[in-house]
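Biologist: I would like a close look at the salt bridges of this model, please, with attention to where the partners sit.

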Amino acid sequence: MTMEMKDSGSVVLTAYHPHSPARIPGMEQSFVQDVPPSHSPGSRKSFSRCRRINRMLSNESVPPAFSRSNSQASMDSTSMEDFWCEVESIKESREDGSEEAMLLEFKPADEGELEAEWLQDVGLSTLISGAEEEDGQALLSTLTRTQAAAVQKRYNTYTQTLRKKNKHTVRDVRDIFGTSDSSPTFETVPVSPVSSNGIQLPGQKPVWKSVSSKSCLDCGTDKGSPSVTEELSYDVSFSESITVLPKPQEWPKNQRFKKEDSALPKFIVRKSRFGLTEVGDLSPEDMKKIRYLSLIELTAFYDALGVELKRNRMERVRGRENGLFGVPLTVLLENDQKKVPGIKVPLIFQKLLLKLEETGLETEGILRVPGSASRVKNLHQELEAKFYEDTFDWDQVRNNDAAGLLKMFIRELPSPLFTVEYLPAFITLVEKISKIKLQLQALHLLIMLMPEANRDTAKAFLQFLKKVVANEGKNKMNLWNVSMIVAPNLFIYKGKRANQQEMQAAATTAHIVRLLIRYQDILWTVPSFLISQVRKMNEAAMNNSKRQLMFDKGVRKLLRRKTMERERPERPEGAVTFPPYLQSDIPEGVIRVYAPLHSKVSMAIQLNSQTKAKDILARFHCENSRGSSQNVRGQIQSLHEIGGNIGQHCLDPDAFMLDVYHANPQAEWVIKPKAS
């Protein structure tokens, strides 16, 4: 039994009904041939399209009979039906009025506009305006060879377009990069380390720091994992690490995915001596720079692979300004933070996740089996009226209905959780990049690009999905099942121009969700080469400020001499003020650590090559175990690096402090609770 569905963009979808009979070998072929002649051409096309999708989703040319207790291939076939049944459920919820139809408008790009937007998005709007701003100069000074080539390529295209339009005079690329040719070509070179000034130096041999074999982040399958474990390195930029470019004919035209969980490789990230840094460990100012660098690096990465990085251009969509569903994440968080300061994930989303984690993780078919449409609609309306008044009765909510509300919340976001702009890039990383490791690196950079509200909400959602998969033995939902159900909620977005290929990319989007769930611990870790570049950006900005400060002093001295003023000039605004301990004579390798919430608030500590952040925390805990309040003892304290060439950095307990100290000798060291 099939159902045809048409969305607002006149895209015809063919979904399999969940109660259709089990398919038998050869059913797909005979199914299309038996279509009555009275069917319209559009119907024939939809059947043909469904047939192609079925072949893409199945490992076998002829699908086996369905049985949940059969082989993994049988579960794959069922998961394919799950995807289209989920699409059907979404369509029905929109038709019955339980979801508002909000269309995303896409505007065509004029010549040169995409490059101009790209330059603005990476923090290089100064190249467009022609202004000599310090931030843009600092960013350019930290770029690797491949990153600089990516910027240069986009700037060349932009300037050539402007010259054709004869709009105004633009800066020559040679003035920015100091090259003799405005359109140089770059060849892929072997991996080289990052030098002290942040530029990749070809010809140098890589230098690897030895770390304990136990100090690593392990992401892989818990059961049935491949015996070979692959190690990921964050020391060198991903684009610089590409040494062999696959030939165009080597790209598979139609990727076939192995649905078994064990088909995914097991990766570990070896900790450097600086430890690992999660997204929430850096200040918002530094994360903004991480986002700039991530877009440049992603572009350079795609360039190195010979893949075009496509982006959507969307008109701004205004959602509701109050309520729960259909409200932009930033607006929802702004409203919620008035009630709970510092909250990073919307309260309603947290409550739905909590409800499902408490009672629904072991429910068979959770997420797949839909709740009652009428109940979900009534609960939706009741939540809108009672949630913020704390009068909503959560005990009345059944698990499948809660799952329906959770998926509805994600679908009704005015802009998709993974952002409209980069949805084509998510699709491309699977369709054009064949190796899982390279897919993971591209996905990693896309996560770094996400707005903070989207990234934090996505992280909470993926953590929940990981718990669902962990309870597969009771809920019968394995990784591929969950991915197939979640994919249409995340990647089939509402729009007048919804692309048919995106609608059909069931296996592609499900594979992306599978990578997100399996490797989420890796994806929310900030690559160390990006942090190194942020440090160099901050150092360059500080050096520029010091030069400006020295210039200002020279001007004042000249004016004072001319006007015979004898009073001491005022301290210039914006000058750096160092804490007292930095102004005193402290021996090399000694740091003063502050713990304002403890009874003993300060301590000088001599560092050696083996001192770790957790050793300092343990020493403070021992010294203050009796004097500190019960509230402080109950909190999880972390050592923070503040100032110098970083805004704020919550250190990994395994970070070797002497290495961090040498990287940022002007930092303050403060023990305080880690931001949640």
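Biologist: With which residue does E357 form a salt bridge, and how far apart are the closest N and O atoms?

Modeller: In this predicted model, the partner of E357 is K467, and the closest N and O atoms of the pair are 3.3 Å apart. Because E357 belongs to helix α11 (residues 347–359) and K467 to helix α16 (residues 452–470), this salt bridge ties together parts that are 110 residues apart in sequence. Both ends are partly exposed, E357 with a relative accessible area of 26% and K467 with one of 37%.

A further salt bridge joins the side chains of E362 and K474, at 3.4 Å from N to O. Here E362 lies in the loop between α11 and α12 (373–386), while K474 is in helix α17 (residues 472–475), so the parts tied together are 112 residues apart in sequence. E362 also counts as partly exposed, at 45% relative accessibility.

The salt bridge of R535 with E641, whose closest N and O atoms are 2.7 Å apart, links a helix to a strand: R535 lies in helix α22 (residues 528–563) and E641 in strand β10 (residues 637–643), so this pair ties together parts that are 106 residues apart in sequence. R535 is buried, with a relative accessible area of 9%, and E641 is likewise buried, with a relative accessible area of 0%.

These pairs are among the 21 salt bridges that the structure holds; elsewhere in the model, K271, K612, K614, D652 and D654 are linked in a network of such contacts.

Key. Residues numbered from 1 in each chain as written. Predicted model: local features only at pLDDT ≥ 70, side-chain atom pairs only at ≥ 80, totals over all residues. Heavy atoms only, no water. Salt bridge = Lys/Arg side-chain N within 4 Å of Asp/Glu carboxyl O. Helix = DSSP H or I, 4+ residues; strand = E, 2+ residues; numbered from the N terminus. Buried < 20%, exposed > 50% of the residue type's maximum accessible area, 1.4 Å probe, protein only.
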